[in-house]
Amino acid sequence: YNAEPRPLLEEARVLARRALELDPNLSDAHLGLANISRMLDWNWEDAEASYRQALSLNPSSEAAHRCYAQMLVALGRHGEALSEVQRAVGLDPLCFVVGTSAAWIHYAVRDYEASVEECRRVVKMDARYMPARRMLAAALLQLDRAAEAVSELEAAATMAPEDPVLLAWLAHAKAMKGDCGVASVLVQA
């Protein structure tokens, strides 16, 4: 399925608003509106109000905590973002998306060691979950551990040899390690 995101998000907005007309206490509908306000409208005030409403209705929503954390870190509210994402991890510690989101939040606040730790936790649960493998390599690169990043990406590439994002990260990591010729071949492949 290959559709443009804007029309789908506009349709989702209509549906979420209709759901709230029927029941104003639907946490997931408030979460949907929050995400649309954040991603489509870039309206941080409306997004935050909707995230807070979703969380007041369902404080156990890992998705609301996780998505709110993503907005907070983008706004530079790092302490709040870390707190929200830790709540999400606490609510669903076995979810790969939650763990990788936590790693990304740590990465964004430049706590690369915590990002590596979170990624390793996810990869230990499922070595084939490529977003965590890519995030792990990105954090390792920031720690000047390019050889380790390349090793991680090469191992991942054996599991997903057709993943273009993974191969791009591998080429980047190899270039950072100084293997520019190998990186160039990977990009052209």
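**Figure 1. Helices H1 and H2 meet in a left-handed crossing.** In this predicted model, the axes of H1 and H2 come within 9 Å of each other and cross at roughly 150°. Because an angle over 145 degrees counts as roughly antiparallel, H1 is described as roughly antiparallel to H2. On the side of H1, the contact is made by Arg6, Leu9, Glu10, Ala12, Arg13, Ala16, Arg17, Ala19 and Leu20. On the side of H2, the residues that take part are Ala29, His30, Leu33, Ile36, Met39, Leu40 and Asp41.

**Figure 2. The whole chain is built from 11 helices and zero strands.** Followed along the sequence, the pattern of the chain reads α-α-α-α-α-α-α-α-α-α-α, and the C-alpha atoms fill a box of roughly 60 × 35 × 30 Å when this box is taken along the principal axes. The chain has 189 residues, of which 44% count as buried. Among the contacts with a separation of 6 or more, 46% are accounted for by residues that lie 24 or more positions apart.

**Figure 3. Helix H2 is largely enclosed by the rest of the structure, since 11 of its 15 residues are buried.** The buried residues of H2 are Ser27, Ala29, His30, Leu31, Leu33, Ala34, Asn35, Ile36, Ser37, Arg38 and Leu40, and what covers them includes helix H1 (5–22), H3 and H4. The end C-alpha atoms of H2 are 20 Å apart, which agrees with the 21 Å that its 15 residues should span at 1.5 Å a residue. Just after H2 comes Trp42, which takes a positive phi of about 55°.

**Figure 4. Met39 is a residue of helix H2 that is partly exposed.** The relative accessible area of Met39 is 43%, and this value leads to the label "partly exposed" because it falls between the limits of 20% for buried and 50% for exposed. Although Met39 and Leu9 are 30 residues apart in sequence, their C-alpha atoms are 8.9 Å apart in space. Both residues also appear in the list of those that make the contact between H1 and H2.

**Figure 5. Helix H4 is mostly covered, with 12 of its 13 residues buried.** H4 runs over residues 62–74 and reaches 19 Å from its first C-alpha to its last, close to the 18 Å expected at 1.5 Å a residue. The buried residues are Glu62, Ala63, Ala64, His65, Arg66, Cys67, Tyr68, Ala69, Gln70, Met71, Leu72 and Val73. These buried residues pack against helix H2 (27–41), helix H3 (44–57), helix H5 (78–91) and helix H6 (96–108). H4 is followed by Gly76, whose phi is positive and near 80°.

**Figure 6. Helix H2 passes helix H4 in a left-handed crossing.** The axes of H2 and H4 come within 11 Å and cross at roughly 15°. Since this angle is under 35 degrees, H2 is roughly parallel to H4. The residues that meet are Leu31, Asn35 and Arg38 in H2 and Ala63, Ala64, Cys67, Gln70 and Met71 in H4.

**Figure 7. Two of the four aromatic pairs that the structure holds are considered here.** The rings of Trp42 and Trp44 have their centres 6.4 Å apart and their planes at 20°, so the pair is stacked. Trp42 is exposed, with a relative accessible area of 60%, whereas Trp44, at 32% relative accessibility, counts as partly exposed. The rings of Tyr107 and Tyr112, by contrast, have their centres 5.3 Å apart and their planes at 65°, so this pair is edge-to-face. Tyr112 is buried, with a relative accessible area of 14%.

**Figure 8. Glu152 is a buried residue in helix H9 (residues 146–159).** Its relative accessible area is 15%, and Glu152 is called buried because this value is under 20%. When residues up to four places away in sequence are not counted, Glu152 touches Arg120, Arg133, Leu136 and Leu140.

How values were computed. Residues numbered from 1 in each chain as written. Predicted model: local features only at pLDDT ≥ 70, side-chain atom pairs only at ≥ 80, totals over all residues. Heavy atoms only, no water. Helix = DSSP H or I, 4+ residues; strand = E, 2+ residues; numbered from the N terminus. Expected span 1.5 Å × (residues − 1). Buried < 20%, exposed > 50% of the residue type's maximum accessible area, 1.4 Å probe, protein only. Contact = heavy atoms within 4.5 Å. Phe/Tyr/Trp six-rings, centres within 6.5 Å; stacked < 30°, edge-to-face > 60°. Axes fitted to C-alpha atoms, helices over the stretch in contact; angles between N-to-C directions. Parallel < 35°, antiparallel > 145°, perpendicular 65-115°, else oblique. Left-handed = near helix turned anticlockwise from the far one by under 90°.
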